[in-house]
Amino acid sequence: MNDQSSTINHFKRFYSHVNTANTVLQAYKGEAPFAHYIRSFFSQHKKFGSKDRKQITELCYCFYRLGKSYPQLSIEQKILKGYQLSKKEWPEEWLSFFEQYQLPKQTPENIFSFKDHLSESIDTAAFEQSHLLQPDLFLRIRPRQHKVVSEKLQSANINFIITENTVRLPNGSKIDEVLILNKEVVVQDYSSQRVSELLNIYKSKISHLKSVISIWDCCAASGGKSILAKDVLDDIKLTVSDIRSSILANLKKRFAEAGIKNYNSFVSDSTIAAPDQKFDLIIADVPCSGSGTWARTPEQLLFFQESRIAEYAKLQQNIISNVIKYLKPGGYLLYITCSVFAEENEEQTSNLTKQGLELIAESVLKGYDQQADTMFAALMRA
Ligand SMILES: C[S@@+](CC[C@H](N)C(=O)[O-])C[C@H]1O[C@@H](n2cnc3c(N)ncnc32)[C@H](O)[C@@H]1O
């Protein structure tokens, strides 16, 4: 096959992927996460090989990354515009390919529709544009594992950058074939890892305490923050709970791999949970809009309903107002969200100060300039 016919075939194949992406996008109505939806689409349409699946999925995400920008464009044009913006430079033949579709020259201006709700310290323009790129994959190196992790990554010929205890890799890197997950490293976004900054403030505040620190992680999921707390604070007595028993089953498996043995766990709704003890520290990594992570789930840019913000804020308020009853006098609350909305972040901590808690530190953990998630964390004292 000569060069010209191979290029023609390449574009034909690409164009058939654009068509399939178009069909998928028209059928999806935002009911389940898009990642689940497209997986089930491919399991019903077996003719697509793994390269096809990868490219069709990428094209769909390119469409969603534009949010509500370019309302005048067709779905096909939006897929192509999103794809064009997914790389900084294109070879000549691609430039002429895009040329045929009369794509707009101006940058997308309505990627993120809920700007009025953003926490004040967020740079709106930078945050909005960050949705055009898929975030990287981040690992947190566990204590005393630094040497083995960097040696294994080097000999596996994987592209990576290590900064202190954080490893950054391109998304999709096959790290589970190289590293022992949960024992050597934990898959954890960069901003989530930065919650350790607040745990370190907590550590400095309680250095006088002689007894083992009792901690309740009241929205524990599969235990990401609990493992972090164990790694930062070391000598702790851990209690974990979540409203979902299935996720606590994952936590148990993960804790076993992480070498965490002596802990209590129970399934409970934290708006009404009533543990039979009080705690030195309560970690409330509450259910939230997830708006700081939408570069990973960009379909939310189109499907998220604004009314959900108030619903999440109410649920968060119900959880924290119940759990703080289980703080020892002078005990601490570590409040965390992966939201960028003030109602879920600073407004919650401001309400807590009105209920008598002292704000020790709070911070929007900005990931939008790092190809990472954006989160919020606050440390408060009863
Ligand atoms: C943001 S996730 C926690 C992530 C976790 N801390 C980690 O680092 O892996 C929030 C969790 O809260 C749980 N949840 C939602 N509503 C709850 C409730 N009313 N009571 C307790 N847990 C709840 C969800 O099941 C979910 O696992």
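Over residues 97–382, the chain is 31% helix and 23% strand, and the C-alpha atoms at the two ends of this stretch are 62 Å apart; helices (H or I, at least four residues) and strands (E, at least two) are DSSP runs, numbered from the N terminus. The UniProt annotation "domain: SAM-dependent MTase RsmB/NOP-type", from an unreviewed entry, covers residues 97–382; UniProt positions are given in the numbering used here, feature names are shortened, and annotations may be inferred rather than shown by experiment. The model is predicted, and local features need pLDDT of at least 70, side-chain atom pairs count only at pLDDT 80 or more, while totals for chains, interfaces and linings use all residues. Residues are numbered from 1 along each chain as its sequence is written.

The largest nonpolar core (a set of buried Ala, Val, Leu, Ile, Met, Phe, Trp, Tyr and Cys residues joined through C-beta atoms within 7 Å) has 93 residues, and those with the most contacts inside it are Cys60, Ile282, Ala284 and Leu334. Helix α3 (residues 50–65) gives the most to this core, with seven residues. Here a residue is buried if 20 or more other C-beta atoms lie within 10 Å of its own, exposed if 12 or fewer, and partly exposed in between, with C-beta atoms placed from the backbone.

In helix α9 (residues 195–205), the buried residues are Val195, Ser196, Leu198, Leu199 and Tyr202. Seen down the axis of α9, these buried residues fall within an arc of 155 degrees, so they line one face of the helix, the arc being that of the directions from the helix axis to the C-beta atoms. Asn200 and Ser204, on the other side of α9, are exposed.

Cys338, where UniProt places the feature "active site" in an unreviewed entry, is in the loop between β9 and α14 (346–354). Cys338 counts as buried because 24 other C-beta atoms lie within 10 Å. Leaving out residues up to four places away in sequence, Cys338 touches Cys288, Gly290, Gly292, Thr293, Asp373 and Met375, two residues being in contact if their C-beta atoms, placed from the backbone, lie within 7 Å.

Val286 is placed in the loop between β8 and α12 (300–303), and it is buried because it has 24 C-beta neighbours inside 10 Å. Not counting residues up to four places away in sequence, Val286 touches Cys219, Gln316, Ile319 and Thr337.
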